[in-house]
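User: Please go through this structure with me. I would like to hear the reasoning behind each label.

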Amino acid sequence: MSDPAEAAAQMGWERAGATVERVAAEAAIPARTVAHARSLVAHATGRWPAPDAVQPGYWPTLCLTWPALEIEIHDDRFELYRFGPNATQIREWHCGPDAPAADTLDALLDAAFGETA
C-alpha cells in the first residue's frame, strides 16, 4: 500500500475489526451476530471510510457508527440509520447465515458515503 490515505483507511478497518472482537466478548454478543460483523468488516475494508466507533447496541447487537450513519448488526439482519437534519432514514435487510447481503450493503453505503464525500 503506497497511498497514505489507503493505508490509514486500512488501519481504521483493522482497528474496527479488533474492536468488534473485544466488544462482542465483553457484551456477550451472539456468535452469528459476530460472524455478520466480521463479514461486514471484511467486505467494507478499503471500500468506505472506517467507522468512528464500534459498540454494543440496545439488543444483543453490534453497532458501527459514523457521524451521520449507523449500522446495527443483528443475528438475522442489518439496520442502517442515516441521520439527516430533518429526518432519520432507516433501512433494514435480512441476511444469510454468513453474508451481509453485499448488493444491498454496497448500494446503501455507496449512496451514504457518496453524499458526504
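Analyst: The questions below deal with the labels given to parts of this predicted model.

User: What is the overall make-up of the protein?

Analyst: The protein has 3 helices and 5 strands, and from the N terminus the elements follow the order α-α-β-β-β-β-β-α. Of its 117 residues, 42% are buried. About 6,400 Å² of surface is exposed, and carbon and sulfur atoms supply 53% of that. Among contacts with a separation of 6 or more, 47% are between residues 24 or more positions apart.

User: What makes E1 and E5 edge strands?

Analyst: The sheet is open, with 5 strands in the order E1-E2-E3-E4-E5 and antiparallel pairing. Strand E1 (53-56) and strand E5 (88-94) each pair on one side only, and they are the edge strands. Neighbouring strands of this sheet are turned by 20 degrees against each other on average, direction ignored.

User: How do you know that E2 and E3 pair?

Analyst: Two strands pair if there are at least two bridges between them. E2 and strand E3 (residues 69-73) are joined by 5 bridges and run antiparallel, so the condition of at least two is met. Threonine 65 has glutamate 70 in E3 as its bridge partner, and leucine 64 has isoleucine 71. The two strands form a hairpin with 2 residues between them.

User: Which helix packs on the sheet, and which strands does it touch?

Analyst: Helix H2 (residues 31-44) packs there, touching E2, E3 and strand E4 (77-83). The direction of H2 makes about 30 degrees with that of E2.

User: What joins E3 to E4, and what joins E4 to E5?

Analyst: E3 and E4 run antiparallel and are joined by 5 bridges; the partner of glutamate 72 in E4 is glutamate 79. A hairpin of 3 residues connects these two strands. E4 and E5 pair in the antiparallel sense over 7 bridges, with leucine 80 opposite arginine 91 in E5. Here the hairpin runs through 4 residues. The counts of 5 and 7 each satisfy the requirement of at least two bridges, so both pairs qualify.

User: Why is E3 described as largely enclosed by the rest of the structure?

Analyst: The description follows from burial, because 5 of the 5 residues of E3 are buried. Both faces are covered: Leu69, Ile71 and Ile73 are buried on one side, and Glu70 and Glu72 are buried on the other.

User: How many aromatic pairs are there?

Analyst: Ring centres must lie within 6.5 Å for a pair, and by this rule the count comes to 5 aromatic pairs.

User: Why is the pair of tryptophan 13 and tryptophan 66 called tilted?

Analyst: The ring centres of tryptophan 13 and tryptophan 66 are 6.5 Å apart and the planes stand at 55 degrees. Planes under 30 degrees apart would count as stacked and those over 60 as edge-to-face, so an angle between these limits gives the label tilted. This pair links distant parts of the chain, with tryptophan 13 in helix H1 (residues 4-27) and tryptophan 66 in strand E2 (residues 62-66), 53 residues apart.

User: Are these two tryptophans buried or exposed?

Analyst: Buried means under 20% relative accessible area. Tryptophan 13 has 2% and is buried; tryptophan 66 has 9% and is buried. Trp13 and Trp66 also form one aromatic cluster with Phe113.

User: What makes the pair of tyrosine 58 and tryptophan 59 edge-to-face?

Analyst: The angle between the planes is 85 degrees, at 5.0 Å centre to centre. The limit for edge-to-face is over 60 degrees, so the label applies. Both tyrosine 58 and tryptophan 59 are exposed, a word used for over 50% relative accessible area.

User: Why does aspartate 106 count as buried?

Analyst: The relative accessibility of aspartate 106 is 18%, and the class takes values under 20%, so the residue falls within it. Aspartate 106 is in helix H3 (residues 102-116).

User: What is aspartate 106 in contact with, leaving aside its neighbours within four places in sequence?

Analyst: With those neighbours left aside, aspartate 106 is in contact with His43, Arg47 and Trp48. A contact here requires heavy atoms within 4.5 Å.

Terms used
Residues are numbered from 1 along each chain as its sequence is written. This is a predicted model: local features need pLDDT of at least 70, side-chain atom pairs count only at pLDDT 80 or more; totals for chains, interfaces and linings use all residues. Side-chain values use heavy atoms; hydrogens and water are left out. Rings of Phe, Tyr and Trp (its six-membered ring) pair if their centres lie within 6.5 Å; planes under 30 degrees apart count as stacked, over 60 as edge-to-face and the rest as tilted. Buried means under 20% relative accessible area, exposed over 50%, partly exposed in between (1.4 Å probe, protein chains only). Accessible areas come from the Shrake-Rupley method with a 1.4 Å probe; for residues, only the protein chains shown count as cover. Axes are lines fitted to C-alpha atoms, for helices over the stretch in contact, and angles run from 0 to 180 degrees between N-to-C directions.
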